[in-house]
Amino acid sequence: DGRGGREYSTQAIVKPLQQRLEQDEDVVCWFDVGGGMGAGQNLKAEMEEGIRKCTVVVVFLSDAYVNSDNCKREFDHAVRMCKFLIPVLVPAARGGDTRFGSAGGA
C-alpha cells in the first residue's frame, strides 16, 4: 500500500503519482482528499485508519505541511505505527510557478 500527502497545495504533484501507482503498479493508495475522505467524516479517525492499513507513507514536505497541525498529527501517527516513510521535499514556488506549492501556506 502507498499513501499520498495531505497538503492541498501539492495536489498537482501527488494526484498524478497516486494515479500512476494505482493504475500502472497495482498499488493501493489512500489520499485524504479526492476520494479518501468524505464530507462529515472524522478526519482524525479516517487518517489513523488510512495509515494503519498502509505499508509505506509518502510524505510531501513543504513549508505548509510542516506548519499544519493535521499534517503533524498524521506524521506522528505514522511514526508511532512504525511505518516506512518516504520523504519528498517540495520546494517553494518561484515567481509565477505554482506547481510546487508556496512558502506562504496551502
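Of the contacts in the protein chain with a separation of 6 or more, 68% are between residues 24 or more positions apart. Keep in mind that this is a predicted model. The chain is built from four helices and four strands, and buried residues make up 35% of its 106 residues.

**The overall layout**

- Start at the N terminus and you'll meet the elements in the order β-α-β-α-β-α-α-β.
- The accessible surface of the protein chain adds up to about 6,300 Å², and carbon and sulfur atoms hold 53% of that surface.

**What sits in the cores**

- In soluble globular proteins, nonpolar side chains tend to be buried together.
- Here, the largest nonpolar core brings together nine residues. Trp30, Met47, Ile51, Cys54 and Val57 belong to it, and so do Val59, Tyr65, Cys71 and Ala78.
- Three elements give two or more residues each to this core: α2 (43–53), β3 (56–61) and α4.
- There's also a second, separate core of five residues, and Phe31, Val58, Phe60 and Val90 are among them.
- Trp30, one of the residues of the largest core, is found in strand β2 (residues 29–30). With a relative accessible area of 15%, Trp30 falls under the 20% cut-off, so it counts as buried.
- Trp30 and Val57 are both in the largest core. They're 27 residues apart along the chain, and their C-alpha atoms are separated by 9.6 Å.

**A helix with a buried side**

- Helix α2 has Met47, Gly50 and Ile51 as its buried residues.
- These residues cover an arc of only 95 degrees around the axis, so they lie on the same side of α2.
- Two of them, Met47 and Ile51, also turn up in the largest nonpolar core.

**The β3–β4 pair**

- β3 and β4 run in the parallel sense and pair over six bridges.
- Want a spot to look at? Val59 stands opposite Pro87 in β4, and Val59 is also a member of the largest core.
- β4 itself is hardly covered: among its six residues, the count of buried ones is zero.

**The cysteines**

- A disulfide is a covalent bond between the sulfur atoms of two cysteines.
- This structure holds zero disulfides. For Cys54, the nearest cysteine sulfur belongs to Cys29 and is 9.9 Å away.
- Cys54 has a relative accessibility of 4%, so it counts as buried, and it's part of the largest core.
- Cys82 has 68% relative accessibility, which is over the 50% cut-off, so this residue counts as exposed.
- You'll find Cys82 in the loop between α4 (69–80) and β4 (84–89).
- Most residues other than glycine have a negative phi. Cys82, though, has a positive phi, near 55 degrees.

**Helix α1 and its surroundings**

- Ile13 is found in helix α1. Its relative accessible area is 24%, between the 20% and 50% cut-offs, so Ile13 is partly exposed.
- Along the sequence, Ile13 and Val90 are 77 residues apart, yet in space they're 9.1 Å apart, C-alpha to C-alpha. Val90 is one of the residues of the second core.
- Leu17 has its place in helix α1 (residues 11–24) too, and at 37% relative accessibility Leu17 counts as partly exposed.
- Leu17 and Cys29 are 12 residues apart in sequence, with 9.9 Å between their C-alpha atoms.

**Between α4 and α2**

- Arg73 has its place in helix α4. At 39% relative accessibility, Arg73 counts as partly exposed.
- Arg73 and Glu48 are 25 residues apart in sequence, while their C-alpha atoms are 9.2 Å apart in space.

Conventions. Residues are numbered from 1 along each chain as its sequence is written. This is a predicted model: local features need pLDDT of at least 70, side-chain atom pairs count only at pLDDT 80 or more; totals for chains, interfaces and linings use all residues. Side-chain values use heavy atoms; hydrogens and water are left out. Buried means under 20% relative accessible area, exposed over 50%, partly exposed in between (1.4 Å probe, protein chains only). A nonpolar core is a set of buried Ala, Val, Leu, Ile, Met, Phe, Trp, Tyr and Cys residues joined through side-chain atoms within 4.5 Å. The arc is that of the directions from the helix axis to the C-beta atoms. Contact means heavy atoms within 4.5 Å. Accessible areas come from the Shrake-Rupley method with a 1.4 Å probe; for residues, only the protein chains shown count as cover. Two strands pair if DSSP finds at least two bridges between them. A disulfide is a pair of cysteine sulfur atoms within 2.5 Å.
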